[in-house]
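Reader: Could you take me through one part of this model up close? I'd like to hear about the place where the chains meet.

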Amino acid sequence: MPKVLLLIIAFIFLLLLPFLPSILEIIFKRDKDPIPIDQHRTKEPDYFGKSFIKLLTKAFEDLNIQNISKLQLAYIQLKLKREEWVGVLNSEDLLETNVHTSIIFTQDAVFNHSHTFRRELVVFGNAVFLSECVLRSLYVKGDCFVEAPLSVVRWVHVEGNLIIKSKADLGVSVYALEVKIRDRTTFKRAYAKKIDTSDKPLLDKNPTQEGRTININGSFSVKGSITIGDKEGPVVIDGDLFSDGDVQIEGNVWIKGNVFSQSSITLKNGVVIGIEGKVKSAVARGKIFIKGPVRIYGYLHSEKLVEVIP
Amino acid sequence: MGVLIFLLKAYMILLMFILLMYLIRHYFFTLNRAFGKQRLYYQDVLDEDLPTVSVLVPMHNEEKVARYILDLLVEADYPKEKLEIIPINDHSTDRTKEILDEYAQKYPFIKPLHRYGDLPRGKQNGLNDALKIAKGEVIIVYDADYLPPKGQIRTLAVAFKDPQVGAVMGRVVPINAGKNLLTRLLDIERTGGYQVDQQARYNLGLIPQYGGTVGGFRKDIVIKLGGFDAKILAEDTELTYKLYLNGYKVAYANIAECYEEAPEDWNVRARQLRRWSRGHNQVMFKYLLPTLLSKKLSFWQKVDGLLLLMIYLQPFLISLGLIDSLILFFLGEMQIIGSYLFLLFIFAHNSFGNFAPFFEIGTALVLDGVKERVFLLPLMFFEFIFNIIYASLGFIDALIDLITKRTVIWQKTERFRNA
C-alpha cells in the first residue's frame, strides 16, 4: 500500500512539475504589474534640455536661489536626479582639464583651453568654444559658437543660435533656434527653425532660377528607392515623400513637406526641405547624409547617424 | 468504410499541413522580431500640418469607465482646433448619456452621438452613423475602457501623412494584468500578439491587422468603400482586408501603447472570444476568395492574409482533428502514412511545433523586459484548450450566420473597473 501511495505521489509530482514555476509565480506574483506606459509621453524635440533645466531650476528654488546670475563662485550640493555637487562659475577661467561635476557658468563663457566635462555643462549666457572640448551634455541660454573640435556624448540644447565652424560630434540630440553648420558635423537628431550648411540663397529664397521648373503637387509614397534632381531645371514638390528604399535628392530641389525613408536619405547641393516658419521633417531608419549647401526647416532624425559635410 | 477511413486519414494529413504552415509562421515572425530589420513607424515625423481628427468612442452602458477615457482625451496634446471627440452612446440604459452630456457642456469639442429607438445596436452600426457626422479627415477609435496617453492621437494621426496608409494600429496593454490568473494569461497573450506578431508583419510588409481600437483610418476611403458591413461583428478585420484589397496598407505603431481592461471573468472572456471568432470567421467567408484572387496583394501578403483569415478556423479544425484521431484510433487505423519520414515529422512537430506559440510569447516578454512572466507560459496550455472550445463555437455561429442570413446582435464585454 505505501508503495502505491508513493507511486501516486510521484505521479502527481511529475505531472505538476512542468507547472511548478508557473504556480510559484501565481503565488508570489513577482511580475504582476502591467507593462509600464508613460501616460504623459509626448513628442518633444527639446525634451532632454528642458527636463534638465526644469530639474536645475527646481533645485535652485529649493535652496531659495532666485537669481542665478548673482551667484558667487562656489560648489553647491543640489538635488537633481540625485544629490550631486555642482560648480558655479562667473566669468572666471576654468583651470581643471577633467571636470567631474556639473558646471554652471552664470554669464558668458569662453573656453580657451581643452576640457573634458564628465557631467552637464550649463552656460547662462553665450558660449564660445575656442579649444577642443569633450562634453556629456550642453545647455546654453544664449548663442553657442563652436570654433574648435567639439564632442558631445548626449545632448545639446541652445536657446539661441548654434554656429558650428569646426568639426563637431553633437551626440544624440540637438536643439537650437537656428543651426548653422560650416564644418563636418554629426549627430542623430536635430531640431531648429532652420538648419543650414550655407548662406547661399537656395530655391526657397530664389525661386526664379534659370531653366524650366518642374512642379509636383501632392504627397507620394514609393516602394523602392528614389532619386530626385533634374539637371535641366529646378524641382518643387508641394507635399511629402515616403519611401521604402534609399532617397537621393540632389540639386535645385525643394520639398515643401516631409521626407521619410525606411533606408537612407542623401541631400546634396541645393536641396531645401520644408517651408520657413513651419516644422517639417527628414526621417530615416538608416543614415542621413548631407553634402554641400542644404537647408532644412524643422527636424532631422536618423536611427543611425546624420552626417553633414558643408 | 474504406472511403471513410481514407477521408479521415486525408483530413489528418491536411490538418498537419495547415498546422505546419502556422508553425513556420510563428517561428518566422519570432525570429524576424528578435533578429531582423525593424521597420520604422512614423512617430518621429514632426509636422505642424496635422490632419483633422475625429475620435470615436463606442459606448453601451459605460458609466463605470466613461469619465476616465473622456478626461484623458481632453488632456490630449493634439491641437484642439483640429480635434473633435464623438462618444457614441449606443442604447445605454445606465448613466452614460448624462455623463456624456455633462462633458459636452464643458468641452465644445466633445460632441456625443446618442443612438436610441429603432436604430440597430452594435459597434459597426454606431461607427457608420458617426462617420456621417464626423468632420475629421482621420478617424481614431478607442473602446470605452481604454486609457489613451497624452501624445497618442498625434502618434497615430501622423501616419496618415503617408498616402499609402489606410489605417493605423497601436498596441493594447492590459492594465489589470495582475488581477487574477485569467488576466495574467491574457496579458502575456496580448504581448505576444502585438510585440512580435503585429510588429513582424509590419517589418515584413505583410498584413498587420487593424484592431478596431487604439487605431484609426481615413474617413474618405472607408466611406468610399461603403462603410462597415452591419452583418459583420469584426468590423476591424473587415476593414483590414478592404483596405489591402484596394491597395492601401495598415501601419503598426508598437510605440502607441494604450491600457485596456482585460476580462477578469472566464465567462466574460468566453463570450468575448466567441464573438471575436464569429466576426473573424464572417470576414473569412466574405474575403477568402477575394484575397486569393487579388491583384493588389503580393504572393506573401496573400499567404499571410489567408493564414490570418483562418486563424479562428484553426481551433475548429484542431477539434475535428482530435475527434478524427479518436475515430481512427478505435478503428485501429492509426498508421496514416507508412513512412519513417512522416514519423520524424510528427516527432519534430511535437518537439518544436507545439512550442512555437510559446516561443513567440516568450520572446515578446523578453523584449518587453518582463522576464518573470515567462514562468507562466506552461499555463497557456489551459488557455489554449479554452480558446479551442470557444473559438470553435464562434466558427459554428458564423457558419449558421452564413447559411441562415440571420441578424447579428452585438454582445458587449462587461467592465470590471470600480467607479
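Which residue of chain A forms a salt bridge with Asp49(B), and how far apart are the closest N and O atoms?

Author: Sure, and keep in mind that this is a predicted model. The partner you're after is Lys278(A): Asp49(B) forms a salt bridge with Lys278(A), and their closest N and O atoms sit 2.9 Å apart. That pair belongs to a wider set, with 10 salt bridges counted between chain B and chain A.

Zooming out a bit, 49 residues of chain B touch 44 residues of chain A. Together the two chains bury about 4,000 Å², and 57% of that is on carbon and sulfur atoms. On the chain B side, Leu40(B), Asp44(B) and Leu46(B) lose the most area to chain A, together 18% of what that side buries.

Both chains also help line the second largest pocket, which holds about 1,100 Å³ of space. It has 44 lining residues, and the closest to its centre are Arg41(A), Thr42(A), Lys43(A), Gln43(B) and Ile255(B). By class, that lining splits into 15 nonpolar, 13 polar and 16 charged residues.

As for where the wall comes from, the elements of chain A that each give at least two residues include helix H3 (47-62) and strand E31 (295-309). From chain B, helix H6 (181-203) and strand E7 (249-260) are among those doing likewise. Seen by domain, the lining takes at least three residues from each of domain 1 (47-183) and domain 2 (214-309) of chain A.

Technical notes
Residues are numbered from 1 along each chain as its sequence is written. Chains are lettered from A and ligands numbered from 1 in the order in which they are written. This is a predicted model: local features need pLDDT of at least 70, side-chain atom pairs count only at pLDDT 80 or more; totals for chains, interfaces and linings use all residues. Side-chain values use heavy atoms; hydrogens and water are left out. On a 1 Å grid over the protein atoms alone, a cavity is a set of points where a 1.4 Å probe fits but cannot get out, and a pocket is an open set with protein on both sides within 12 Å along at least five of seven lines; lining residues have an atom within 4 Å of a point. Grid points are joined across faces, edges and corners, and a volume is the space filled by probe spheres set on the points. Helices (H or I, at least four residues) and strands (E, at least two) are DSSP runs, numbered from the N terminus. Ala, Val, Leu, Ile, Met, Phe, Trp, Tyr, Cys and Pro count as nonpolar, Asp, Glu, Lys and Arg as charged, and the others, Gly among them, as polar. Domain bounds come from an automatic or database domain assignment. Contact means heavy atoms within 4.5 Å. Buried area is the accessible area (1.4 Å probe) that two parts lose on being put together, summed over both. A salt bridge is a side-chain nitrogen of Lys or Arg within 4 Å of a carboxyl oxygen of Asp or Glu.
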